[in-house]
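The following exercises concern the predicted model shown below. Each task is followed by a solution in steps.

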Amino acid sequence: MSGSNDHIGADGRRYGTATIAEAVARLRDGGLVAVPTETVYGLAADSARAAAVAEIYRTKGRPDFNPLIVHVLDLEAARSLGQFDSLALRFAAAFWPGPLTLVVPKTDDCPVAPAVTAGLSTIALRCPADPVMRELLAASGLYLAAPSANRSGGISPTTAAHVVRSLQSAAPLILDGGPCDQGIESTIVAVDGDDYRILRPGPVTASQLEAVAGKAADTAISSKIEAPGQMASHYAPSKPVRLGADIARPDEYHIGFGRVAGDMNLSQGADLAEAASRLFAALHLADDSEQPKIAVAPIPATGIGIALNDRLRRAASPK
Ligand code: TXA
Ligand code: MG
């Protein structure tokens, strides 16, 4: 494993990239592998092995009350882990494989390690579209627990190099699938009978969900944090972030959008999907720049722009 795709970490170490067979062997051995998905890179382990799942939490520095998403090849696999009522089935039919995570009640004989769901009676399931990830799921036959492959609270990785940048010497074997298509984490929807709530906005938009459900999402605010990972500060660069900035100050790296040029531009044509796919790469770039601060141009809060603004608000939130 010393091909031309290897990544050199900030510590000067070389991080190899894996073949599917090597990744399968590592996972079956109870190890971790960083995997590509169409949203962001994940830090994957066999969801049935408690020790491997514990290693995910350790590697990310993640609090263990924050549960993980389990990735499956198809609906049949999903149904062995979670209970799908009619609405959950309709969402799965409409958006899987794809960037939608469904939170449903666990099955009685759900084989995942308890730490995966952090003691909840529900489980978050996702059937990813990325072809390399699908090949891995098919070849391994495993259900893969995988949070985003970054240090807890840090910027999500959309390339293999970002995984190394974030996890550094803790970075595991990486299955390199190239830059992620969507570049922003899956939409998370909790389904409860005929009702549903959007726990995290993402590439599948509220209006797309509404079209399938035949009604709008529940917006009732519950007192418990239903997506425990959705903390105010998240996706955070090491530098202060200022939002809605048409003009940057001299000490700011400016992330532009549309006609606001910036030091880099998320999408000159003001295309929100293109902007989403480049958001985390832009934050990584800004974090590595010489300027001590970051400013971000205004981005319209429509469609996937809702998810973009959600991630930016958390990136700008005090730690
Ligand atoms: O696009 C994605 O979803 C990526 C790729 C790798 O699949 N994964 C990802 O994982 O973003 P992570 O761990 O960074 O975010 C998962 C979110 C967390 O906010 C967690 O609290 C929530 O899913 N979650 C997991 N299980 C849950 C459950 N049973 N109920 C409510 N929220 C849950
Ligand atoms: Mg994450």
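**Exercise 1.** Determine which kind of contact joins the side chains of E185 and R311, and place it within the domain interface.

*Solution.* Begin with the atoms: a nitrogen and an oxygen of the two side chains lie 2.9 Å apart. A salt bridge requires a side-chain nitrogen of Lys or Arg within 4 Å of a carboxyl oxygen of Asp or Glu. The pair E185 and R311 therefore qualifies as a salt bridge. Next, consult the domain assignment, which gives domain 1 as residues 7-213 and domain 2 as residues 241-316. By these bounds, E185 belongs to domain 1 and R311 to domain 2. Finally, turn to the count: 3 salt bridges are found between domain 1 and domain 2.

**Exercise 2.** Describe the interface between domain 1 and domain 2 by distance, contacts and buried area.

*Solution.* First, the centres of the two domains, taken over C-alpha atoms, are 26 Å apart. Second, 18 residues of domain 1 touch 16 residues of domain 2. Third, the size of an interface is often expressed as the accessible area lost when the parts come together. Here about 1,300 Å² is buried between domain 1 and domain 2, with carbon and sulfur atoms giving 61% of that area. On the side of domain 1, the residues that lose the most area to domain 2 are I155, R165 and I184, which together account for 42% of what that side buries. Lastly, 7 residue pairs are in polar contact across the interface, both residues of each pair having pLDDT 80 or more.

**Exercise 3.** Establish the strand order of the open sheet and identify the helix α2 contacts with it.

*Solution.* Read the 9 strands in order: β9-β3-β4-β8-β5-β7-β6-β10-β11, with mixed pairing. The edges are β9 (173-174) and β11 (195-200), each of which pairs on one side only. As an example of pairing, β6 (residues 100-105) and β7 (residues 122-126) run antiparallel and are joined by 5 bridges. Within this pair, V103 is opposite A124 of β7. Helix α2 (residues 50-60) packs on the sheet, where it touches β4 (42-46) and β8 (144-145). The directions of α2 and β4 make an angle of about 155°.

**Exercise 4.** Locate the loops that hold P97 and Q168, and state the backbone feature at each residue.

*Solution.* P97 is found in the loop between α4 (86-95) and β6. The peptide bond leading from W96 to P97 is cis, with omega near -10°. Q168 is found in the loop between α6 (160-167) and β9. Although Q168 is not a glycine, its phi is positive, at about 50°.

Terms used:
Residues are numbered from 1 along each chain as its sequence is written. Chains are lettered from A and ligands numbered from 1 in the order in which they are written. This is a predicted model: local features need pLDDT of at least 70, side-chain atom pairs count only at pLDDT 80 or more; totals for chains, interfaces and linings use all residues. Side-chain values use heavy atoms; hydrogens and water are left out. Two strands pair if DSSP finds at least two bridges between them. Helices (H or I, at least four residues) and strands (E, at least two) are DSSP runs, numbered from the N terminus. Contact means heavy atoms within 4.5 Å. Axes are lines fitted to C-alpha atoms, for helices over the stretch in contact, and angles run from 0 to 180 degrees between N-to-C directions. Domain bounds come from an automatic or database domain assignment. Buried area is the accessible area (1.4 Å probe) that two parts lose on being put together, summed over both. A polar contact is a pair of N or O atoms within 3.5 Å; within protein, one must be able to donate a hydrogen and the other to accept it, and residues adjacent in sequence count only if both atoms are side-chain atoms.
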